[in-house]
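Here is a brief report on one chain and its ligand. It covers the fold, a helix pair and the ligand shell.

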Amino acid sequence: MLFRLMLFHNDNGWLECRAKGRITEMGDHKRSMSIRSIVLAAIVCAGVSFSVEILAAQSPAGGAAPKAAGRAPAVPAFQVHETLAQLMKGIFFPSANVIFAAQGTNPADVKPARDPSLATNPLESTYGNWEAVENASLALTEAANLLLLPGRKCSNGLNVPLQNADWPKFVQGLRDAGMAAYKAAQSKNQDNILMAADTMSTACSNCHDKYREKTNPADRCK
Ligand code: HEC
C-alpha cells in the first residue's frame, strides 16, 4: 500500500495535487486503514496545493502568476494626428470659452437651444448650464495630457518642446486651473467662476508668453 503526493500544473495553469496509490488484496482491518490513509492523503494534498498556490500568487518570480501576466494584452500605442495649433483650436479654445462665458452670464440662466441635442454651444445643449462648465473644465484638465504626447509638431514644423523643463510645469498649471474651474462650476457660484477664469487665462498665457507670442512664427516652440 503506497501513496505518493504529486503537484503539477494542469492545462489551465493551475497547480493540482494528486495522490497516487494502489490498494492490493488486504483484510478488513487493512482496508479500513487504507481508506483512512486515502482521506488523510486527500487532506494533506489539498493543504499542500493550497499553500503552493498562495506562494505562487505572492511571488512575481515563479508559479502561476507570471503565466497570467504573460497573457495580459499589450497596451495600444498612442497616435498623434494634428499640430499643436490644431489641438489648441479644436479642444482648448472652445472649452476655455465655456468657462470664460460663465463670467458674464450665469450658466443657470442660459436657455436651451431649439434642439439641445444638436447644439454647438455646450451651455445650450442637452448637457448644458452649469454641467457644461463642469465638463469643459474637466475636458481641459484631461486634454492637458495630450500636450505631453511625443511625436507632435508645432505649426512651424518644430517638435513640441517636451524636453524643456518648463513645459510640463505649464501643463500642470493648466491641469490645476482646470480642476479649480471644475470646483467653481460645482459650487454654481459666479464669483468662484470669476476667480477660476482668471486662473485659467493665466495658465494659458504663461505658456503662450514663452512659446507662442513671437514676431516670427519660426521662433515658436523653441
Ligand atoms: C503648455 C503650453 C500651452 C498651454 C498650457 C496652452 N497653450 Fe495654446 N498654444 C501653445 C503654443 C506653443 C501654441 C502655438 C502652436 C503652434 O504654432 O503649433 C498655442 C496655440 C494656441 C492657439 C492657436 C492660435 C495660434 O496663434 O496658433 C489657441 C487658440 C490656443 N493656443 C489657445 C489656448 C488656450 C485657450 C489655452 C488655455 C486653456 C492654451 N492655449 C494653453 C501652448 C500652450
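Of the chain's 222 residues, 18% count as buried (20 or more other C-beta atoms within 10 Å of the residue's own, with C-beta atoms placed from the backbone). The model is predicted: local features need pLDDT of at least 70, side-chain atom pairs count only at pLDDT 80 or more, and totals for chains, interfaces and linings use all residues. Residues are numbered from 1 along each chain as its sequence is written.

The chain has six helices and two strands (DSSP runs, H or I of at least four residues for helices and E of at least two for strands, numbered from the N terminus). The order from the N terminus is β-β-α-α-α-α-α-α.

Helix α3 (residues 84-104) packs against helix α6 (residues 190-211) at about 140 degrees, with the axes 8 Å apart. Axes are lines fitted to C-alpha atoms over the stretch in contact, and angles run from 0 to 180 degrees between N-to-C directions. The two helices are therefore oblique to each other (not under 35, over 145 or 65 to 115 degrees). The contact (C-beta atoms, placed from the backbone, within 7 Å) involves A96, I99, F100, A102 and Q103 of α3 and, among others, M200 and C204 of α6.

The two residue sets compare by class as follows.

| Set | Nonpolar | Polar | Charged |
|---|---|---|---|
| α3 with α6 contact | ten residues | two residues | no residues |
| Shell around the ligand | 19 residues | three residues | three residues |

Nonpolar means Ala, Val, Leu, Ile, Met, Phe, Trp, Tyr, Cys and Pro; charged means Asp, Glu, Lys and Arg; the others, Gly among them, are polar.

Around the ligand lie 25 residues, of which A85, M88, S155, C204 and C207 come nearest (a residue is near if its C-beta atom, placed from the backbone, lies within 6 Å). Elements giving two or more residues to this shell are α3, α5 (166-187) and α6. The largest share, seven residues, comes from α3.

Note on methods:
A residue is buried if 20 or more other C-beta atoms lie within 10 Å of its own, exposed if 12 or fewer, and partly exposed in between; C-beta atoms are placed from the backbone. Two residues are in contact if their C-beta atoms, placed from the backbone, lie within 7 Å.
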